[in-house]
Amino acid sequence: MRNPLRSLLLLAALALLALVVRDYLGSRTAAGRDSTQAVPTLPEDLSAQSQSWRLAQTIGDSTRMEVSADDFTQGADGLTTDLHGVELKIFRLQTGSLDRVQSDAMRMLADGSLYSDGETLITLGIPADGGAGRPVEVSTSGVTFRPSANSASTERRVDYRFADGAGSSLGAAYDATTGVLRMMSEVRLERFGPAPDESSAVIRAGSLLYAEEGARIELAGHVRMEQGAGWLECDSGEVLMSNGRVRRIDGVNARGGESIADRRTAFSASRLEVEFDISGELARSRGSGMARFASIEAGQRIEVEADSVDLQYEAEAESSSTASSSRLRRVEARGAAQASLHPSDGGTVSAIESESMLLVLRPGGEQVERVETPGRGTLHQLGRGTDKPARTLVGGSIRMVYGPAGNLERLAARSGAQLVQRPADQASPELRSWSDSLDARFDAETSEIAQLRQAGNFGFEEGSRRGRAGSARFDLDGGVLELEENANVESAGGNLSARRIVLARASGRVDAAGDVTGFLIQGPDASGEPGPTGMFAGQQPVFLAAGALVSDPENQTLTYRNGARLWQGRNRVDADSILIDQASNSIEARHGVEAAWVAGGESASDPESLSIVRSGLMRYDTKTGLARFEGAVDFRRQGMRVLADELETALGADGVDAGMRAVAVGSVRIADPPDGSGHRAFGDRAEFDVDKSEVVLVGQPARILMRDGTESEGASLTYSTAGDRLLVLGRRAERAYTYRPASR
C-alpha cells in the first residue's frame with residue numbers, strides 16, 4: 001500500500017478563500033477611491049454595486065494572488081455583500097504552478113465571514129505556463145470562511161479528486177492558524193493503482209483530523225484500510241507523514257489480513273504500529289498487547305502469539321515489472337511468545353514457547369526458513385495420527401530449520417537441552433534425555449527424526465533403565481541409542497560401563513565395547529524361587545569386565561569377549577570369551593579359561609581354601625552348581641595340582657559342597673605339592689573327596705610315587721592326601737604291587 005493518505009492535505013486549500021476575503025476587505029476602499037468609472041444609481045435596498053471587479057497582490061515584479069468577481073452588491077444596511085462569479089488565483093512561485101478557487105456566488109456577512117452556499121471548486125497545482133500537469137480538485141458547498149479566525153468549514157459533502165486518487169467526507173473544517181484539518185464523518189479516501197490491473201488503496205473512517213505541524217493524521221470511528229486482498233481495521237488510528245508520504249500508522253485495537261491465491265495472513269493487537277520506507281513501501285509493523293499473527297502459505301500454517309509481535313518486510317523486485325513490493329521476511333515475538341507451525345504435508349506439528357523468538361521466512365515471503373529462540377525455549381512436537389510419537393524439547397536456545405517443501409529439516413538446542421519422547425504405544429515408557437547440546441535431522445518424506453545427537457554430559461531415563469555418557473546418537477527408526485565417551489547404563493538387572501554402548505531400546509539388546517565393566521543382579525526366577533547360590537550366588541551382584549559385551553534379551557544371552565572376567569567375592573572366571581545363557585542357566589567360558597572359587601564351609605579369607613582351574617573350556621550350570629572343564633585342565637587346590645584332559649566338580653547349588661568333590665578324566669597327573677617334591681600320581685581318572693582328604697585314582701595301571709620313594713601301581717589306588725595311608729587294588733587277573741627302596 002503506497003502513500004494512501006497523502007491526499008488528505010488537499011482539503012487545506014479551502015483556507016485560500018479566507019486569505020482572499022481578508023485581502024479584499026483591506027483594499028476595497030482604496031480601489032473605489034481610485035476608480036474613474038461612473039457610479040450608477042443604486043436601488044434603495046443597495047448601498048454599493050460594482051461589475052467586473054478585480055484585485056491583484058504583487059511581491060516585487062511577481063504576482064502573488066489575483067481575485068476577481070463578475071459583480072458584487074452591498075446591501076443597504078451595510079451588513080452583507082454578495083459576490084457573483086468569484087475566482088481566486090494563488091501563484092506558487094517556487095513550483096511554477098497556481099491554485100484556483102471558483103464559486104458562482106458568495107455572501108459576506110456582517111461579522112466578516114464569507115459563505116458559499118453553492119458549489120465551490122478548488123483546483124490545486126495548475127501549471128502557470130499553461131502546460132500539462134496533474135491538478136487536484138476539491139469540490140463542496142455550504143462553505144463558511146471566517147477571515148478573523150483564519151478558518152473555513154462546511155457540514156456538507158466534500159469531494160476530492162487528484163491524479164491518482166479520490167476521496168470524500170461529510171463535513172470538513174480547516175483552521176489555518178493551527179494548521180488543523182478535520183473531516184467530520186463518513187471519510188473515504190482512495191488511491192488508484194498506477195496500472196489498470198493494480199488494485200486501489202482505500203481508507204474509510206468515522207472521522208479524520210490532520211495537523212500540518214508534525215504532518216499527523218488522526219483517524220477515529222471504526223477505521224478500515226484496504227488494498228487488493230489486504231485490509232486493516234482499528235477503533236482509532238494515527239498516521240504520520242513526511243514529504244507527502246505516509247511514514248507511520250498507529251492503530252488501537254487493530255486487526256487485519258491478506259488473502260492472495262494460497263497465501264493468507266491475519267493479525268490483531270491492542271496497539272499496532274506500521275512503518276513505511278522512504279519509497280513508500282511497507283517496512284515494518286509491530287503489534288503489542290495480546291498480539292497475534294497467522295499465515296498460511298503453500299499449505300504451511302504459522303500462528304504466533306506474544307505480548308508484542310514485529311513483522312519486518314523487505315522490498316523485492318517483481319519479475320513482471322520494474323516495480324517492487326514489500327514481502328514479509330522476519331517475525332519477532334517478545335513477551336510470553338508462542339508459535340505453532342503446521343507443515344504443508346500434514347506431518348509433525350511444532351509448537352514453541354519462549355520469552356522471545358524469531359521466525360525468518362524464505363526470500364519472497366514464502367514459508368518459514370528457520371525459527372530461533374535466543375533464550376530458553378520449549379518445543380512441543382506432535383505427529384498427526386495416533387500412531388505417531390510426541391516430543392517435548394526444552395533448551396537454553398532452540399533453532400529450527402525448514403526445507404523448501406515446508407517440512408522441518410534440522411533442529412538444534414544449545415546451553416542445556418532436555419528432551420522427552422513419548423511413543424505412540426501408550427504402554428511403552430517415555431524416553432527422557434538431557435545434554436549440553438542437541439542436533440537432529442528429519443526425514444524429508446516422513447517428517448520424523450532420522451538422526452538425533454546429544455553431546456556434553458548426556459543422560460537418559462527410560463522406564464527402569466537409565467544411563468549417561470559424553471555424547472549419544474539416536475537412530476529412532478531402528479530404536480537404537482548409541483552412547484560414547486565414558487558410557488554407562490544401569491537398570492534393575494545391573495550396571496554397565498564402557499567407552500561405547502549401543503542400546504536397541506525396543507528389544508533391549510546391548511552392545512558395549514572398550515573397557516567394559518559393570519555388575520549383574522540375578523533376581524528370583526518366574527516361579528519366585530531364589531537365584532543360584534553356587535559359584536555366583538543369586539540376588540548378589542556379579543561383577544564383570546571385558547573388552548566387549550553383547551546382551552541379547554531375545555535369546556536370553558550375555559556374551560563377553562576380548563578378555564572377560566566375572567567375579568563375586570573371591571569366586572571368579574577369566575577367559576577370552578564368556579557366554580551366560582539365562583534360558584539354560586549356564587555359563588560357558590572359552591580360551592584361556594581360569595576359574596577360582598572358595599570351597600564351601602571354608603573361610604573365604606583362607607588362601608588355602610581357594611580352588612583354581614585353568615583350561616580351554618568351562619561349562620557351568622548355575623542351578624546344579626556343576627562345573628565342567630575341558631582342554632589341558634590344570635586344577636589346583638590346597639597345595640595339590642591336578643593335570644587332566646577334563647575336570648568336573650560340583651560347586652554346589654546350596655554352597656555346602658562347593659568345590660568339595662571333583663572328577664578328573666584323561667591323562668590325569670597329580671602333584672602334592674605342586675612343585676613335585678611330594679606325592680605324584682598318574683592315571684586315567686581321579687576322584688577327589690576334599691571332605692575326607694581322599695583321592696581315588698583309576699588307570700591301566702594307576703601309579704603313585706610317595707614322598708619317601710615308595711611306588712605303587714594298580715587298577716585302582718586310594719590314598720589320603722594327608723599321606724597317612726594308601727590302598728592299592730588290582731583288577732581281575734591284574735596284580736597290584738608296591739615297591740619300597742632298600743634303604744627303607
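This is a chat about the strands, cores and cavities of a predicted model.

Biologist: How many helices and strands does the protein chain have?
Modeller: One helix and 47 strands. Keep in mind that the model is predicted.

Biologist: And what share of the residues counts as buried?
Modeller: Of the 744 residues, 47% count as buried.

Biologist: Among contacts at least 6 apart in sequence, what share joins residues at least 24 apart?
Modeller: That share is 43%.

Biologist: OK, cores. Which residues touch the most other members in the largest nonpolar core?
Modeller: Leu483, Tyr560, Met618 and Ile670 do, in a core of 98 residues. Strand 20, residues 324-342, gives this core its largest share, six residues. Another core lies apart from it, with 49 residues, including Ala152, Val158, Ala205 and Val274.

Biologist: Why might such side chains sit together?
Modeller: As a general tendency, nonpolar side chains in soluble globular proteins are buried together.

Biologist: Back to Met618. What is it in contact with, leaving aside neighbours within four places in sequence?
Modeller: Met535, Val573, Ile587, Glu588, Ala589, Val593, Ala595, Ala627, Arg628 and Phe629.

Biologist: Phe629 is on that list. What is its bridge partner in strand 41?
Modeller: Leu647. Strand 40 (residues 626-637) and strand 41 (residues 640-650) run antiparallel, joined by ten bridges. Their hairpin has two residues between the strands, and Gln638 there takes a positive phi near 45°.

Biologist: Which way does strand 41 run against strand 42, parallel or antiparallel?
Modeller: Antiparallel, with eight bridges to strand 42, residues 661-672. Arg641 has Ala671 in strand 42 as its bridge partner.

Biologist: What about the hairpin of strand 17 and strand 18?
Modeller: Five residues lie between those strands, and Gly280 takes a positive phi near 90°. Strand 17 covers residues 263-276 and strand 18 residues 282-297; they pair antiparallel over twelve bridges. Arg264 is matched with Ile296 in strand 18.

Biologist: New topic: Leu549. Buried or exposed?
Modeller: Leu549 is buried, because its relative accessibility is 3% and the cut-off for buried is under 20%. Leu549 belongs to strand 33, residues 541-552.

Biologist: Which residues does Leu549 touch, not counting those up to four places away?
Modeller: Leu496, Val510, Asp511, Ala512, Val516, Leu544, Thr559 and Tyr560. Thr559 is ten residues along the chain from Leu549, and their C-alpha atoms are separated by 5.5 Å. Tyr560 also turned up above, among the residues touching the most other members of the largest nonpolar core.

Biologist: Now strand 26. Which side chains point to which face?
Modeller: Leu431, Ser433 and Ser435 point to one face and are buried. Arg432 and Trp434 point to the other face and are not buried. That fits the general rule that side chains in a regular strand alternate between the two faces of the sheet.

Biologist: What does strand 26 pair with?
Modeller: Strand 25, residues 408-422, pairs with strand 26 in the antiparallel sense over five bridges. There, Ala417 stands opposite Ser435. Strand 28, residues 449-462, also runs antiparallel to strand 26, over four bridges. Leu431 stands opposite Glu462 in that strand.

Biologist: Last one, cavities. How many of 30 Å³ or more?
Modeller: Three. The second largest holds about 80 Å³ of space.

Biologist: What lines the second largest cavity?
Modeller: The lining includes Leu341, Pro343, Gln381, Tyr402, Asn407, Leu408 and Phe442. By class, five lining residues are nonpolar, six are polar and none is charged.

Terms used:
Residues are numbered from 1 along each chain as its sequence is written. This is a predicted model: local features need pLDDT of at least 70, side-chain atom pairs count only at pLDDT 80 or more; totals for chains, interfaces and linings use all residues. Side-chain values use heavy atoms; hydrogens and water are left out. On a 1 Å grid over the protein atoms alone, a cavity is a set of points where a 1.4 Å probe fits but cannot get out, and a pocket is an open set with protein on both sides within 12 Å along at least five of seven lines; lining residues have an atom within 4 Å of a point. Grid points are joined across faces, edges and corners, and a volume is the space filled by probe spheres set on the points. Ala, Val, Leu, Ile, Met, Phe, Trp, Tyr, Cys and Pro count as nonpolar, Asp, Glu, Lys and Arg as charged, and the others, Gly among them, as polar. A nonpolar core is a set of buried Ala, Val, Leu, Ile, Met, Phe, Trp, Tyr and Cys residues joined through side-chain atoms within 4.5 Å. Buried means under 20% relative accessible area, exposed over 50%, partly exposed in between (1.4 Å probe, protein chains only). Contact means heavy atoms within 4.5 Å. Two strands pair if DSSP finds at least two bridges between them.
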